[in-house]
Amino acid sequence: MAPALSGVATAVFVVAITGVTLVVRKHADDGRTTDRYRTYEDFSKFDDTVDNHLIVEGDEYRLRGPPKDGSPFYSLSRRSALDVDYDAYFPDEEDLRRSEFYRNASYVPRYWNASGWLRVDEVGSAGIDHEKREKVKEMMIHAWDNYKLYAWGKNELKPITKRGHSGSIFGAYDLGATIVDGLDTLYLMGLHKEFDEGRDWVERKFSLDSVSNDLSVFETNIRFVGGFLTCYAFTGDRLFLEKAKYVADKLLPAFQTPTGIPYALVNVNTGISKNYGWASGGSSILSEFGTLHLEFSYLSDVTGDSVYRERVQAIRTVLKDIEKPKGLYPNYLNPKTGKWGQQHMSLGALGDSFYEYLLKAWIQSGHEDEEAREMYDDAMQAIIQHMIRTSPGGLTYVSDMKFDRLEHKMDHLACFAGGLFGLGGTTLNNQYSEKYLEVGEGLTNTCHESYVRTYTRLGPEAFRFNDGVEAKALKSQEKYYILRPETFESYFVMWRLTHDQKYRDWGWDAVMALEKHCRTPNGYSGLKNVYLTDPQKDDVQQSFFLAETLKYLYLLFSDDSLLPLDDWVFNTEAHPLPVKGRNSLFRAAAASSAPKLLRNRDLLRTVCGVKVRLAAANMKQPNILVTGTPGVGKTHLCQRLAEQLGFKWQSVSAIVQEQGCVEEYDEEFECPVLDEDKLLDYLEPIMQQGGNIVEYHSSEFFPERWFQAVYVVRCATSLLYERLQGRGYNERKIRSNMECEIFQIPLDEAKESYRDELIFELQSDHETDLEANVKTVCEWLESWRSANKQKADKKK
C-alpha cells in the first residue's frame, strides 16, 4: 500500500549559461545549497549531441506549459527537453558500460540457466488475457526505461522535467528506491535482462552508509527489506538476503523504547530515533509500527536469527493486551507509556496496513499464527459495527472515526480493504465468512465508483458521503491522484476469489485512464485534480507505481497459477512473500550450523581401491584456498603469500596440465574440461600435510575439511575487462568471465560449499590492494595459530 503524499517542497532549479560554463544551483528541501560548475567540454566529452542536454527551468514550464502549436518549449533555442540532474543524465562510465552489456543481444539472463528459481515461464496460460497483460508489460517497460535514462540510481523519476525526484520519502540520497521496488515486477513480467541490471546496481551501489538524515522505519521496511526478501524468495540469490538483513539491522535501534513499540524515524548511521512532532504528542503510528511483522518474521525464518521476530512479537503482545476502545485500535500509541494518543480510528491513512498484516501474518505462517487471526477477526467485527456504513445510494464505505464521531470520509488508501475482507472471508470458513465477502465486494464497488465519477476515471485521494454527495472529493486537497494502487489491489484479489469478469473490465478501464491522462513521453505522472478535463500533472513517477500498481494490473490479467494466493502473501508494497509449509521457495534457514552442502567426497575417498572415511588432519599449518574469477589477481596474491608465509603454492591450473587431469578440451571456450576425481586424488595426500596455498577459479568440488580459510578475490569489472582482453581471451570467454564476476559466482560457490566463518572477501584493483591483502591473510594466520595453541594448551 502506498504511503500518504509527502509535503516536502519541490526543489527549485535555476540554470544559467555564461560563456562556456554551465552553472546549476540546487535549493534542496533540507535547506542546503550546492553549486556545481561544469564546462562545455565536461558535457561534450560524454555526448557529441551536447545541444540536446541544455535545459529549461521546471517551474517556467509548469507555469506556461508547452506552446499551443504542440512544439517543445525551451528557455534557450535548443532542440531538447529539460534535464538539470547532471548525475542522472550523465551516468558514470561504469554504469554506461554495464548498460551496454545488458542490452547486448547476445546477453543471456541468469534466469535461463538458473535452478531453484521461480519459473514464471512455466505457469498456466489458460486464464491469461494476453492482449491486456502485454499492454501492462509495455507500460512497465516505458516506466523503467525512462527511469533508467533520466534518474538511474535516484529514488524516483520526475518524468516531465526528466530528472531524479529529490523530494521523495527518502530525500535526495541515491538509494535506488525505484530499482529495489521494481525488481520483482520485472521478474514476474519476464524482463530478466532488466532484472539482472537492477540486481547489478544493488550489488555495486546500494548502501545506507552515506545517509545522514532520518529514514522512515515503515517505508524502509516495506520497500527495501520487503523488496529484497521477495527477490531472495524468487531466486535464492544470497545477495538479496544479505541486503535485507543489512537494512533491517539498521532499523533495529528504533525498537529501543520502554514498550518495544518502535519510533517512526531512525538515523541509520547513529541509531538515534524519534517520532514525528505532529503525531499526537510524540506517538508512534499504528499503520507504521504495525506493518513490520511479515518482513521481520520471514527474515528470522531465512536467516535463523530470532531477533527480528522477537521485535515484532513484542509489538504484537502490547497490542493484544492493551484495552481497546469499542474493540477498535486508535491510530496513535505512545512508545514510552504504552497509552493511546488521540482517539482517531481509520482503515485508511495511519491505520490501514496494521489490519492487513494481522490477516496476512496468519496466512504467511501456514495458518499456525492463530493469535493473529483472532486479533484480525476481533478488529474486523468492531470496524463493521462502528465504521462500515451504507450510503443512501447503496454504496458501502468505511469511514474514519474521531472521538466517537464518524467523518463519512473514505481514503483511497482504504480501498485495499475490499481485497482484505475478501481474503478474510475465503481463507477460513467461519461465522464471519459470508459477511466479510459481502463487505469486500461492496467496498471494491464503492472504490470503483469513486473512479468512474471523475472526468479522468481515476480516483481521488479521499471521497465523502455527506451533503448529498457520494463517493466524491469535496476539498481541493483530496482531488489528486498519485498513481496509487489500492483499488487495483482489490480488483486483483476479488478477481482471484470470484472470477467475476467485472473486475477485469474495471482494471482495463483504469489502464486506459492511466494511458490517457498519466502517461508522458518520459514516464508516468500523478494528477493534481482528477475532476478536470485537462488536469495538471504532478511530475512524479512514484516507485510504488512499478512495485504495486503495474504488478497488480499485470496479475489481474494473468492466470491464477502465477503467484497463487494460497502460496504467496503480498506485503503492503505488493512484494510477495512465500507461505510457510506450502511454498517450496520459502527457503527457511537450516536449524543447525552444519555446512550448507555436504558432499560425499567430504567423507569418502578412494585409497588403493578401497573407500575409507577421512577426517580433517590435525595440521600444524593450515591450508588456504584463494578463488575468484580469472583475471582478478589471484596469481600475484598466491605468489606473495607463498613467499611471505613459506607455504607451498598449488596452482590447480598448472597441476591439471602437469598431471593430465583433463577429460576433454572445450573448443568454444578454449580451455580443458577438468577431471575432478583425478585432481582430488592427486591433491588428497598433499592437503593432509597442510601449509598449502591453493589457487583456482572454482571452489565447489573441494572438500571443506581441506581448508581453514577461503579467500574470494574480486576486482572492478572495468579493470577485469581490460585484463581479460590483455590475456587474448575470445569474446565468448570474456563475456562468460564477466558474467561470473558481475553475478558473484565464485562467492556464491564458496558460500554454498563452506561455512560462513571460513569465507573472506578481498578486493584487488591496485598494487596497494595486493599489499593490504597479504597483510590481511598474515593477520588471519597469526590468529589461527594463536587459537590452535590455546586448544593445544587446553588439552594438555
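This passage describes salt bridges, aromatic pairs and a charged surface patch in a predicted model.

A search of the whole structure finds 52 salt bridges. Among them is the contact between Lys 205 and Asp 95, in which the closest N and O atoms are 3.2 Å apart. Lys 205 belongs to helix α7, whereas Asp 95 belongs to helix α4, which spans residues 93–103, so this salt bridge ties together parts of the structure that are 110 residues apart in sequence. The two partners fall into separate classes of accessibility: Lys 205, at 31% relative accessibility, counts as partly exposed, while Asp 95 is buried, with a relative accessible area of 10%. Both residues also belong to a network of salt bridges, in which Glu 94, Asp 95, Arg 97, Arg 98, Asp 200, Arg 204 and Lys 205 are linked.

Helix α7 also contributes Glu 203, which forms a salt bridge with Arg 714, and here the closest N and O atoms are 2.7 Å apart. Because Arg 714 lies in strand β29 (residues 709–714) and Glu 203 in helix α7, the pair ties together parts that are 511 residues apart in sequence. Arg 714 and Glu 203 are both buried. A further salt bridge joins the side chains of Arg 453 and Glu 449, with an N to O distance of 3.0 Å. In this pair Arg 453 is partly exposed, its relative accessible area being 35%, whereas Glu 449 has a relative accessibility of 19% and therefore counts as buried, the limit for that class being under 20%.

Turning to the aromatic side chains, the structure holds 47 aromatic pairs. One of these is formed by Phe 206 and Tyr 246, whose ring centres are 6.4 Å apart and whose planes stand at 85 degrees, so that the pair is classed as edge-to-face. Phe 206 is located in the loop between α7 (192–205) and β6 (214–216), and Tyr 246 in helix α9 (residues 238–251), so the pair ties together parts that are 40 residues apart in sequence. With a relative accessibility of 4%, Phe 206 counts as buried, while Tyr 246, at 23%, counts as partly exposed.

An edge-to-face arrangement is found as well for Tyr 503 and Trp 506, with 5.4 Å from centre to centre and 85 degrees between the planes. These two residues both lie in helix α18 (residues 501–518), where they are three residues apart, or about one turn of the helix. Tyr 503 is buried, with a relative accessible area of 1%, and Trp 506, at 13% relative accessibility, likewise counts as buried. Elsewhere, one aromatic cluster is formed by Tyr 111, Trp 112, Trp 117, Tyr 187, Phe 195, Phe 234, Phe 240 and Trp 568.

On the surface, Glu 368, Glu 370, Glu 374 and Asp 378 gather in a patch of negative charge. Within this patch, Glu 370 is found in helix α14, which comprises residues 370–386. The relative accessibility of Glu 370 is 58%, and because exposure is assigned to residues over 50%, Glu 370 counts as exposed.

Notes:
Residues are numbered from 1 along each chain as its sequence is written. This is a predicted model: local features need pLDDT of at least 70, side-chain atom pairs count only at pLDDT 80 or more; totals for chains, interfaces and linings use all residues. Side-chain values use heavy atoms; hydrogens and water are left out. Patches are made of residues with over 30% relative accessible area and no salt bridge: like charges are joined within 9 Å, nonpolar side chains (Val, Leu, Ile, Met, Phe, Trp, Tyr) within 5 Å. Accessible areas come from the Shrake-Rupley method with a 1.4 Å probe; for residues, only the protein chains shown count as cover. A salt bridge is a side-chain nitrogen of Lys or Arg within 4 Å of a carboxyl oxygen of Asp or Glu. Lys and Arg count as positive and Asp and Glu as negative; His and the chain ends are not counted. The place of a charge is taken as NZ of Lys, CZ of Arg, CG of Asp or CD of Glu. Helices (H or I, at least four residues) and strands (E, at least two) are DSSP runs, numbered from the N terminus. Buried means under 20% relative accessible area, exposed over 50%, partly exposed in between (1.4 Å probe, protein chains only). Rings of Phe, Tyr and Trp (its six-membered ring) pair if their centres lie within 6.5 Å; planes under 30 degrees apart count as stacked, over 60 as edge-to-face and the rest as tilted.
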